[in-house]
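Subject: Structure for you to look at, with notes

Dear colleague,

I am passing on the structure we spoke about, and I would be glad if you could open it beside this message while you read.

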Amino acid sequence: MSTPQATDAQKQYLQALLDKGLLFETGVDGLYGRSEVFERVVQKFDALVSKYGGKDGAEVLRFPPAIARKSFEQSEYLKSFPQLAGTIHSFMGNEKDHQALLAHVEKGEDWMGGQKPTDVVMTPAACYPTYPLMAKRGPFPKDGRLLDVQSYCFRHEPSLDPARMQLFRMREYIRMGSPEQVMAFREQWLERGKQLMGSLGVPLNIDVANDPFFGRAGKMLAVNQRDQGLKFELLIPITSVEKPTACLSFNYHQDHFGLLWPLRTHDGKVAHTACVGFGLERVALALFKHHGLDVSAWPAPVKKELEL
Ligand code: ATP
Ligand code: ZN
């Protein structure tokens with residue numbers, strides 16, 4: 001399973017963002033520097049999310065964009081998305097190995113063979129570091145757990161579609177508790193998500209979705225996920241009206257993570273979990289697409305809502 005080829009409209013939008021100096025090239029597709037203006041939009045949107053979600057009393061947690069390899073293994077991410085994972089390797093040799101390494105680099109040869117895996121893996125979704133932490137704390141209080149995270153995430157899906165980056169930020173609220181608590185959270189955020197994005201003057205719709213599970217077995221998982229309505233996305237057309245882009249995802253994991261870690265409710269039951277994830281760069285890209293690349297010319301109500 002490979003990343004879909006970028007369309008002409010996607011490539012053109014990327015070029016326009018680079019020409020305008022909103023994003024900067026690094027030489028790798030999907031890896032970009034961000035300008036001050038781009039960052040301001042991201043930060044203001046992040047703050048708007050807090051305005052909507054902040055009153056619920058979520059515990060705010062921030063992690064670096066990597067997790068322990070052990071936790072990554074335990075998450076079973078590799079079962080579903082081996083193609084997206086990013087592992088961190090490092091040089092761990094002696095002086096002789098160092099000379100060999102430099103010689104390979106000098107000759108333009110493959111020098112990665114000698115790199116050894118570290119204990120660190122890139123975070124694939126912002127909620128991943130929270131499961132081991134919450135498991136370690138033991139059974140939940142009666143009203144479960146509500147968490148607020150934001151992290152750069154890595155996914156190996158190089159593309160010329162600016163909305164498909166390899167390193168991007170995800171802001172998430174995560175709910176852990178009884179099935180009723182978790183379902184209520186998802187319902188609440190489906191409504192809030194619509195309201196929040198609607199206030200920014202972008203066209204949107206919500207649809208059932210599936211994750212890009214790997215391989216033949218993955219096709220079945222994707223069908224199951226859709227049939228059971230476990231994943232919804234809030235879609236905004238960025239470079240195509242027919243194929244709008246997922247800017248928010250609402251994921252209901254049922255007892256998947258509860259069983260893996262394990263996570264337990266106050267009365268000892270296997271916890272259910274769900275998260276709502278905002279793709280911060282994707283939202284910024286949607287705003288730039290609909291309101292123009294010049295923020296000062298954005299509609300007044302949008303600027304007011306974002307406090308820009
Ligand atoms: P897609 O189906 O487009 O690959 P996804 O279903 O894998 O996205 P999630 O895993 O639910 O997305 O991630 C949560 C949010 O993170 C998405 O709604 C999206 O806004 C954002 N996101 C996911 N992948 C990327 C990416 N490669 N670049 C930028 N943002 C992304
Ligand atoms: Zn999540």
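Below are notes on the two ligand sites, on some backbone features and on a few individual residues.

Please keep in mind throughout that this is a predicted model.

The site of ligand 1

The shell around ligand 1 holds 17 residues, of which R155, E157, M165, K231 and S249 come nearest. Sorted by class, this shell is made up of seven nonpolar, three polar and seven charged residues. Two side chains place an N or O atom close to the ligand's oxygen atoms: for K231 the distance to an oxygen atom of ligand 1 is 2.7 Å, and for E233 the corresponding distance is 3.0 Å. The backbone takes part as well, since a polar backbone atom of G279 lies 3.3 Å from an oxygen atom of ligand 1. On its own, ligand 1 has 590 Å² of accessible area, and the protein covers 91% of that. Three elements give two or more residues each to the shell, namely strand 8 (167-177), strand 10 (231-236) and strand 11 (245-254). Strand 11 provides the largest share, with five residues.

The zinc site

Ligand 2 is a zinc ion, and in the model it is coordinated by the SG atoms of C127 and C275 together with an OE atom of E172, at 2.2 to 2.3 Å. Along the sequence, these donor residues follow the spacing C-x44-E-x102-C. The two cysteines link distant parts of the chain, 148 residues apart: C127 sits in the loop between strand 6 (116-122) and helix 6 (130-136), whereas C275 belongs to strand 12 (residues 272-279). Are these two cysteines buried or exposed? C127 counts as buried because its relative accessibility is 3%, and C275 also counts as buried because its relative accessibility is 5%.

Backbone features

Most residues other than glycine have a negative phi, and most peptide bonds are trans. Against that background, three places may deserve a look when you go through the backbone. The peptide bond from W261 to P262 is cis, with omega near -5°, and P262 lies in the loop that runs between helix 9 (256-260) and strand 12. E76, a residue other than glycine, has a positive phi, near 60°; E76 is found in the loop between helix 3 (69-74) and helix 4 (77-80), and with a relative accessibility of 28% it counts as partly exposed. Q254 likewise has a positive phi, in this case near 50°. Q254 is placed in strand 11, and its relative accessible area of 26% makes it partly exposed.

Individual residues

Q166 lies in the loop between strand 7 (145-154) and strand 8, and it is buried, with a relative accessible area of 8%. Leaving aside neighbours within four places in sequence, Q166 is in contact with V28, D29, G30, C153, F154, R155, H156, E157 and P158. With one of these, D29, there is a polar contact, in which the side chain of Q166 reaches the backbone oxygen of D29 at 2.9 Å. By contrast, the C-alpha atoms of Q166 and H272 are 29 Å apart in space, with their positions 106 residues apart in sequence.

E281 is part of helix 10 (residues 280-291). Which residues does E281 touch, once its neighbours within four places in sequence are left aside? They are R34, F38, Y152, M165, F168 and R169. E281 counts as buried because its relative accessibility is 2%, and buried means under 20%.

F24 is located in strand 1 (residues 23-25), and its relative accessible area of 42% makes it partly exposed. Outside the neighbours within four places in sequence, F24 is in contact with L18, L31, Y32, G33, R34 and S35. F24 and Q12 are 12 residues apart along the chain, and their C-alpha atoms are separated by 15 Å.

If you would like to begin with one part, the zinc ion with its donors C127, E172 and C275 could be a convenient place to start.

With best regards

How values were computed
Residues numbered from 1 in each chain as written. Chains lettered and ligands numbered in written order. Predicted model: local features only at pLDDT ≥ 70, side-chain atom pairs only at ≥ 80, totals over all residues. Heavy atoms only, no water. Near = heavy atom within 4 Å. Polar contact = N/O pair within 3.5 Å; in protein donor to acceptor, adjacent residues only side chain to side chain. Areas by Shrake-Rupley, 256 points an atom, 1.4 Å probe, with all protein chains shown as cover. Helix = DSSP H or I, 4+ residues; strand = E, 2+ residues; numbered from the N terminus. Nonpolar A, V, L, I, M, F, W, Y, C, P; charged D, E, K, R; others polar. Donors = N, O, S within 2.8 Å, 3.2 Å for Na, K, Ca; no water. Buried < 20%, exposed > 50% of the residue type's maximum accessible area, 1.4 Å probe, protein only. Contact = heavy atoms within 4.5 Å.
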